[in-house]
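Thanks for asking me to look this one over. Here are my notes, written to be read with the model open beside you.

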Amino acid sequence: MWKTKRNADEIIAEHALRPASSRRSWRTIGAAAAIGLASLVSAGPAAAQEPTSFKFAGSPTWFGQVPIMVAIDQGYFTDEGLDVEFTTILSSYDRIAALTAGSVEFSNLGRVAVISEMARGNEAFYFVANVDDSPGNEGCWGRPGVESIADLRGRKVAANSSAEITMTLLLRTEGMTQSDIEFVNLPANEMAPALARGDVEAACVWQPLLDGLKDAAPDGKLLGTDMQTEFYEQFKTMAAPDIVIMRRDLVDNHPEQAAKLVSAMFRGADFARENPEETAKIVAHYFNREPDELVESIRGFEYFGKEGWTGHMELHTRQMQALADLIYELGKIGDRPDVTQWAKTDFIPQ
């Protein structure tokens with residue numbers, strides 16, 4: 001069924017730019033979910049029992065989901081007395097919509113989509129952890145004749161979603177903004193053909209699609225990656241890494257169960273970091289590929305478990321705010337959210 005879905009980041013970018021009048025009221029949805037939860041709790045003793053079955057929304061097209069996949073298949077959630085189902089939802093926007101509606105309880109997704117929902121007042125979730133990052137895996141590739149970021153001035157450049165953030169930050173290194181280029185918002189899977197035809201002179205995207213740009217313009221040049229940006233210099237992260245979110249009512253009403261979910265994810269991240277070859281064997285069925293096709297990609301990711309997680313999340317909260325400020329300055333969101341209002345980690349044991 002997913003073959004008919006649009007590119008995930010196209011959906012996110014489109015949703016972020018919808019006029020306010022056409023967007024759903026997340027406060028209304030959140031209130032309805034809260035009423036439903038309250039009625040369940042008041043229904044009787046059985047309804048007040050701690051939940052043990054949860055649905056995780058993720059995409060088997062991105063290696064950021066590996067810690068959760070490992071935690072499921074290695075039985076780490078089961079060790080905590082929990083039953084977790086991996087629910088495939090390709091788009092970050094669709095994942096957060098499913099979580100808001102109560103169809104899933106937690107997800108790992110791109111923080112551009114999360115910040116967009118914060119700006120719209122969606123109070124259905126907290127962000128609670130970061131278990132993956134992949135700096136250096138997002139960048140801009142130019143056709144022959146484009147030798148540097150400075151050479152992009154006045155030229156057509158394609159990007160979208162998180163890659164647009166990377167492009168913007170790379171332009172800043174040369175004292176430039178989007179107004180100095182002819183920006184083209186293209187779906188990620190259309191960038192390589194456009195670059196090959198010369199419809200655009202450079203494109204910015206993430207791996208493995210970045211390798212596709214190299215194939216489309218083999219005589220071209222890598223102009224820069226997210227590791228050459230101020231965000232990487234300051235936070236040592238990619239421009240817009242993933243973030244784990246959970247339903248607020250789960251964390252607020254069942255903090256011990258929420259903490260168990262995070263603990264199992266941490267174990268999955270630790271295993272993936274320490275055992276990339278074994279991890280590739282464990283998760284190969286999610287990606288429908290052979291393990292030896294996955295090992296290098298898994299090694300190219302950074303996975304973060306329990307060690308130093310408090311400092312890690314303090315850093316990512318600051319990065320989230322810097323990213324929210326940038327997205328607001330670019331006019332992609334109507335309000336500048338205070339991301340700390342969505343941060344929640346005090347339920348996780350030290």
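The numbered points below go from the whole chain to its sheet, a helix, the aromatic residues and some backbone details.

1. **The chain as a whole.** Please keep in mind that this is a predicted model. The chain has 15 helices and 12 strands. Of its 350 residues, 53% count as buried. If you look at contacts with a separation of 6 or more, 79% of those in the chain come from residues 24 or more positions apart.

2. **A five-stranded sheet.** Five strands make up an open sheet with mixed pairing, and their order is β8-β7-β9-β6-β10. At the edges you will find β8 (182-185) and β10 (221-225), each of which pairs on one side only. From one strand to the next, the twist averages 25°.

3. **Inside that sheet.** Strands β6 (residues 138-142) and β9 (residues 202-206) run antiparallel, and five bridges join them. For a place to start on screen, try W141: its bridge partner in β9 is A203. Helix α9 (residues 209-216) packs on the sheet, where it touches β6, β9 and β10. The direction of α9 makes about 150° with that of β9.

4. **The link from β9 to α9.** The loop between β9 and α9 contains P208. Which kind of peptide bond joins Q207 and P208? It is a cis bond, with omega about 5°. As background, most peptide bonds are trans.

5. **Helix α15.** This helix covers residues 309-329, and its 21 residues should span 30 Å at 1.5 Å a residue. The end C-alpha atoms of α15 are 30 Å apart, so the model agrees with the expected span. Buried residues of α15 include W309, H312, M313, H316, T317, M320, L323 and I327. It helps to remember that an α-helix has 3.6 residues a turn, so residues three or four places apart point the same way. After α15 comes G331, with a positive phi near 80°.

6. **An edge-to-face aromatic pair.** The whole structure holds 10 aromatic pairs. Why is the pair of W62 and F301 called edge-to-face? The ring planes of W62 and F301 are at 75°, and an angle over 60 degrees counts as edge-to-face; the ring centres are 5.0 Å apart. This pair links distant parts of the chain, 239 residues apart. W62 is in the loop between β1 (53-58) and α3 (66-73), while F301 is in the loop between α14 (295-299) and β12 (302-303). Are these two residues buried or exposed? W62 is buried at a relative accessible area of 19%, and F301 is buried at 9%. The cut-off for buried is under 20%, so W62 meets it with its 19%.

7. **A tilted pair and its cluster.** F86 and Y286 form a tilted aromatic pair, 5.3 Å centre to centre with 55° between the planes. F86 belongs to strand β2 (residues 83-88) and Y286 to helix α13 (residues 276-287), so the pair ties together parts that are 200 residues apart in sequence. Both partners are buried: F86 has a relative accessible area of 14%, and Y286 has 16% relative accessibility. F86 and Y286 also belong to one aromatic cluster, together with F56, F77 and F106.

8. **Lysines over tyrosine rings.** The charged end of K236 sits over the ring of Y232, at 5.5 Å from its centre. K344 lies over the face of Y126, at 5.7 Å from the ring centre.

9. **Two residues with positive phi.** Most residues other than glycine have a negative phi. Even so, S161 has a positive phi of about 45°, and N288 has a positive phi of about 55°. S161 lies in helix α7 (residues 161-172), whereas N288 lies in the loop between α13 and α14. S161 is buried, with a relative accessible area of 10%, but N288 counts as exposed at 71% relative accessibility.

Note on methods. Residues are numbered from 1 along each chain as its sequence is written. This is a predicted model: local features need pLDDT of at least 70, side-chain atom pairs count only at pLDDT 80 or more; totals for chains, interfaces and linings use all residues. Side-chain values use heavy atoms; hydrogens and water are left out. Rings of Phe, Tyr and Trp (its six-membered ring) pair if their centres lie within 6.5 Å; planes under 30 degrees apart count as stacked, over 60 as edge-to-face and the rest as tilted. Helices (H or I, at least four residues) and strands (E, at least two) are DSSP runs, numbered from the N terminus. Buried means under 20% relative accessible area, exposed over 50%, partly exposed in between (1.4 Å probe, protein chains only). A charge sits over a ring if NZ of Lys or CZ of Arg is within 6 Å of the ring centre and within 35 degrees of the ring normal. Two strands pair if DSSP finds at least two bridges between them. Axes are lines fitted to C-alpha atoms, for helices over the stretch in contact, and angles run from 0 to 180 degrees between N-to-C directions. Contact means heavy atoms within 4.5 Å. The expected span of a helix is 1.5 Å times one less than its number of residues.
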